[in-house]
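User: I'm new to this structure and would love a close look at a single part of it. Could you pick one charged pairing, walk me through it slowly, and then show me what lies around it?

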Amino acid sequence: MFPGAIADREVADYVLLGAPLDISTSFQPGTRFGPNRIRRFAESFDDYDRRTDQFFTDLRVHDAGDVRAWDDAPEYVEWLAGSVRDAVWDDAVPVVLGGEHTVTAAGVTGVEPDVFVCLDAHLDLRREYDGNEWSHATVTRRVIDELGVDEAVILGARTGSPDEWERAEAADVTVVEPEAVADWDPDFDDDQSVYLSVDIDAADPAFAPGTGTKEPFGLTSREMRDAVRAVAPRADGFDVVEVNDRDDGQAASLAAKLLREFVFSHAAGRADE
């Protein structure tokens, strides 16, 4: 169980779902260990958040455990989307712990947002990678081309193929390069719903080496924190993905902290409404 996620499912405002999918990781696998590793490295965090004057244990967070993964990505994403949708129908905010980035398609399917905001080193705008249309490198393309999202905002992207950069020039995609993320502010219409996805490789690997496809010259932990804080009050769903077991806990610790920042910021924003 994620530390502090002690609420019963029936009264939860936030429902955590582990999604240990690990079938298309293209360099260093291990995302199957991500959900429990994130839980483990959250154990040392204090319950209290001074900035928002809230206790995590008071925010009615429920950890529903892992949705067991298997080796058929389309079927698994469909099954996981059902669990996400159940949370939405119960007026709870789904929080998905990956797992490879492919699982984000399930979160978006369940939430049905207008805007997709993603912190990511990669554009993930490929149609296929190594012949696999369900590769983790295709998830943002799937979100905007197949899942009904009107706009994608990719924060921290610093690599992609020529075809991906061409797709990124379309009106429905905004790429904010790492150097500009600190000055970026979300500018969404009040009636737009938002889904926030954090690929931990958006961070420079100096901060989060435990991920499958490291890409230097990335974001600092604080830049990622500030982006999560800015988007969270508007978000109807959240995930953090691509954590593996190939470091001493740096990536998992950052992922767990960003998850908590999301919950604290979202709850504070809800209280101010």
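**A buried partner and its salt bridge**

Analyst: Let's begin with one residue, D13, which counts as buried at 17% relative accessibility. Please keep in mind that this is a predicted model, so every value here is computed from it.

What does the side chain of D13 meet in a salt bridge? The partner is R60, with an N to O distance of 3.1 Å. Side chains of opposite charge can pair when their charged atoms come close. D13 belongs to the segment before β1 (14-19), while R60 sits in the loop between β3 (54-55) and β4 (61-66), so this pair ties together parts that are 47 residues apart in sequence. The two ends differ in their surroundings: R60 is partly exposed, with a relative accessible area of 41%, whereas D13 is buried at 17%. To find the pair in the viewer, you can start at the segment before β1 and look across to the loop that leads into β4.

This is one part of a wider set, as the structure holds 15 salt bridges. Helix α4 offers two that make a nice contrast with the pair above. In one of them, the side chains of D145 and R141 come together at 2.6 Å, N to O. These two residues are four apart in helix α4, which means about one helical turn separates them. Here again a buried residue pairs with a partly exposed one: R141 has 12% relative accessibility and counts as buried, and D145 has 38% and is partly exposed.

The other pair in helix α4 is E146 with R142, whose closest N and O atoms are 3.3 Å apart. E146 and R142 are also four residues apart in helix α4, with about one helical turn between them. R142 is buried at 8% relative accessibility, while E146 is exposed at 55%. Alongside this, salt bridges that share partners link R141, D145, R167 and D172 into one network.

Helix α4 also leads us to a neighbour, helix α3. Is α3 enclosed or open? Seven of the eight residues of this helix (residues 104-111) are buried, so α3 is largely enclosed by the rest of the structure. The buried ones are T104, A105, A106, G107, V108, G110 and V111. Their cover includes α4 (139-146), and also α2 (73-89), β5 (93-98), β6 (115-119), β9 and β10 (235-241).

Both ends of α3 are worth a visit. In the loop between β5 and α3 you will find G99, and the peptide bond from G98 to G99 is cis, with omega near 15 degrees. Just after α3 comes E112, with a positive phi of about 60 degrees, although E112 is not a glycine. E112 lies in the loop between α3 and β6 and is exposed, at 60% relative accessibility. A little further along, D124 has a positive phi of about 55 degrees and is not a glycine either. D124 belongs to the loop between β6 and α4 but, unlike an exposed residue, is buried at 5%.

Strand β9, part of the cover of α3, has a loop on either side to explore. In the loop between α6 (178-181) and β9 (194-199) sits D189, one of the residues in a patch of negative charge on the surface, together with D183, D185, D187, D190 and D191. D189 is partly exposed, with a relative accessible area of 49%.

On the other side, the loop between β9 and α7 (221-231) holds A203. At 1% relative accessibility, A203 counts as buried. Leaving out residues up to four places away in sequence, A203 touches R158, A208, G218, L219, M224 and L254. A203 and I154 are 49 residues apart in sequence and 13 Å apart in space, C-alpha to C-alpha.

Coming back to where we began, the D13 and R60 salt bridge ties together parts that are 47 residues apart in sequence, while D145 and R141 are four residues apart within helix α4.

Definitions and conventions:
Residues are numbered from 1 along each chain as its sequence is written. This is a predicted model: local features need pLDDT of at least 70, side-chain atom pairs count only at pLDDT 80 or more; totals for chains, interfaces and linings use all residues. Side-chain values use heavy atoms; hydrogens and water are left out. Patches are made of residues with over 30% relative accessible area and no salt bridge: like charges are joined within 9 Å, nonpolar side chains (Val, Leu, Ile, Met, Phe, Trp, Tyr) within 5 Å. Accessible areas come from the Shrake-Rupley method with a 1.4 Å probe; for residues, only the protein chains shown count as cover. A salt bridge is a side-chain nitrogen of Lys or Arg within 4 Å of a carboxyl oxygen of Asp or Glu. Lys and Arg count as positive and Asp and Glu as negative; His and the chain ends are not counted. The place of a charge is taken as NZ of Lys, CZ of Arg, CG of Asp or CD of Glu. Buried means under 20% relative accessible area, exposed over 50%, partly exposed in between (1.4 Å probe, protein chains only). Contact means heavy atoms within 4.5 Å.
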